[in-house]
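Open the model in your viewer and keep the selection panel at hand. The tour below goes stop by stop.

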Amino acid sequence: MSETTGSAALPTNDLGRTGLSVTKLGYGAMEVRGSRIWGGRPIEDNQAETILNAVLDNGITFIDTANDYGRSEEYIGRYISGRRDEFVLATKCGCTVVRRDDTTDDTPHVWTRDNLFRGLHESLDRMKTDYVDIIQLHNPSVEETEQGDLVAALQEMKQQGKVRWIGISSTEPHLQAYIESGVFDTFQIPYSALERQHERLIQEAADAGAGVIIRGGVARGEPGAGLGDADRWGAWEAAKLDELLDPGENRTQFLLRFTNAHPGMDTNIVGTLNPEHLVENINAAAKPLPTDTYAEAKRRLDSVAD
C-alpha cells in the first residue's frame, strides 16, 4: 500500500448504462504525460510510478488518458498494468503526434477508420492490456464524425472485443447532436463553477442513459498555483463564493465538491502529480456539498453573469 493512504472512502456511481462502477473522483492521467504537450511538465519515472499506484491504493477506480497524452499510456502500462482488474480504463482515439522540435509536439487529429484503429492498437500495446473499458472520440465535429463513419469504426472495435463501451469527449456546438443521436455510451464534458455552459446538457446526457465523465472540474487550479488562469476567477470574486467555503477549505476543494454536486455527473477526473494533493482531493470528494450550498453558489454565479 502507498504511504499516502488513509484518505476518506470515496462514493461511487454507475457510469450510465454501462453499469461500470466508478468512484465519483477519477484520475486524469494527462498529468503524467511527461512532455510539453498542452503545457505539460517534465516528469521522472519514479514520480509516475508513485502517483499511479497511489491512485489505486487510495481507492480511485477510474483512470482517463489519451493516445496523445505524451507518456501517459506508457506509464500506465509500465506501472499499473499488473493491477488492471482494479480500475476502469478510458482512452481516446483520433489523435496523432507530430514532433516539431525538442520541446514541442503537435497533436493533430485525423478522422479516419485507419487512424482510429492505429491509435487503439498503439494504446493497447502501450498500456499492456488487450482491451479498454471505454474508447472515446477526441472531440471531432459532427461533420467529421459523419464523414469518417467514425461510430461504425468504434462499434467494430467493440465487436472485436477490444473495447467494452464507446464514448466521446465533446463540447458545444456539437454536444447536443451527439446526445440526441443516442449512439454514445459515455460523454466527457467540461464543467466547473467557472465553466458552466454545459450544465444543462450534462443532465440531458444522464437522462438519456449515458455515463457522464467531467473534465476541468477544478478549473485548472487556483490563481497563482502555476496552472490557474486568474482571468477566469472574476465570476468567483464577484459572486463572493469564498463566503461559502467550510472552515479550512480552499477554493480547489470547493470547486471539486461543486462539480461533484451536479446530479447528472458520474465521475470527475482530476489530475495531480503530488500524492498529498491526491489525498486532499479524495477527502474533498468524500464530503458531499450540501444541496442548498450548491444551489446558493449557482444563484450567486447567475446573479453576476454577463
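Select R17, I179, G182, F184, F187, A205, A208 and A210: these residues line the largest cavity. Bear in mind throughout that the model is predicted. The volume of this cavity is about 40 Å³, and the structure holds one cavity of 30 Å³ or more. Colour the lining by residue class and the split is six nonpolar, one polar and one charged.

Keep F184 and F187 selected and add Y178; together Y178, F184 and F187 form one aromatic cluster. F184 and F187 also belong to the cavity lining. In total, seven aromatic pairs are counted in the model. How are the rings of Y178 and F184 set against each other? Their centres are 5.5 Å apart and their planes stand at 90°, so the pair is edge-to-face; planes over 60 degrees apart count as such. Both residues of this pair, Y178 and F184, are buried.

Next, select W236 and F254, another edge-to-face pair, with 5.7 Å from centre to centre and 85° between the planes. W236 sits in helix α8 (residues 234–239) and F254 in helix α9 (residues 251–260); with their positions 18 residues apart, the pair links distant parts of the chain. Are these two residues buried or exposed? W236 and F254 are both buried.

Now move to helix α3, residues 113–127. Put a distance label between its end C-alpha atoms, and it should read 21 Å. That agrees with expectation, because 15 residues at 1.5 Å a residue should span 21 Å. Here the expected span is 1.5 Å times one less than the number of residues.

Which residues of α3 are buried? Select N115, L116, F117, G119, L120, S123, L124 and M127. To see what covers these buried residues, show α2 (72–80), β5 (88–93), β8 (132–138), α5 (150–159) and β9 (163–169), which are among the covering elements. Then step past the end of α3 to K128, where phi is positive, near 55°.

Finally, clear the selection and show the whole protein as a cartoon. It has eleven helices and twelve strands. Of the 306 residues, 55% are buried. Taking contacts between residues at least 6 apart in sequence, 73% join residues at least 24 apart.

Definitions and conventions:
Residues numbered from 1 in each chain as written. Predicted model: local features only at pLDDT ≥ 70, side-chain atom pairs only at ≥ 80, totals over all residues. Heavy atoms only, no water. Helix = DSSP H or I, 4+ residues; strand = E, 2+ residues; numbered from the N terminus. Buried < 20%, exposed > 50% of the residue type's maximum accessible area, 1.4 Å probe, protein only. Contact = heavy atoms within 4.5 Å. 1 Å grid on protein atoms, 1.4 Å probe; cavity = no way out; pocket = protein on both sides within 12 Å on 5 of 7 lines; lining within 4 Å. Points joined across faces, edges and corners; volume = space filled by probe spheres on them. Nonpolar A, V, L, I, M, F, W, Y, C, P; charged D, E, K, R; others polar. Phe/Tyr/Trp six-rings, centres within 6.5 Å; stacked < 30°, edge-to-face > 60°.
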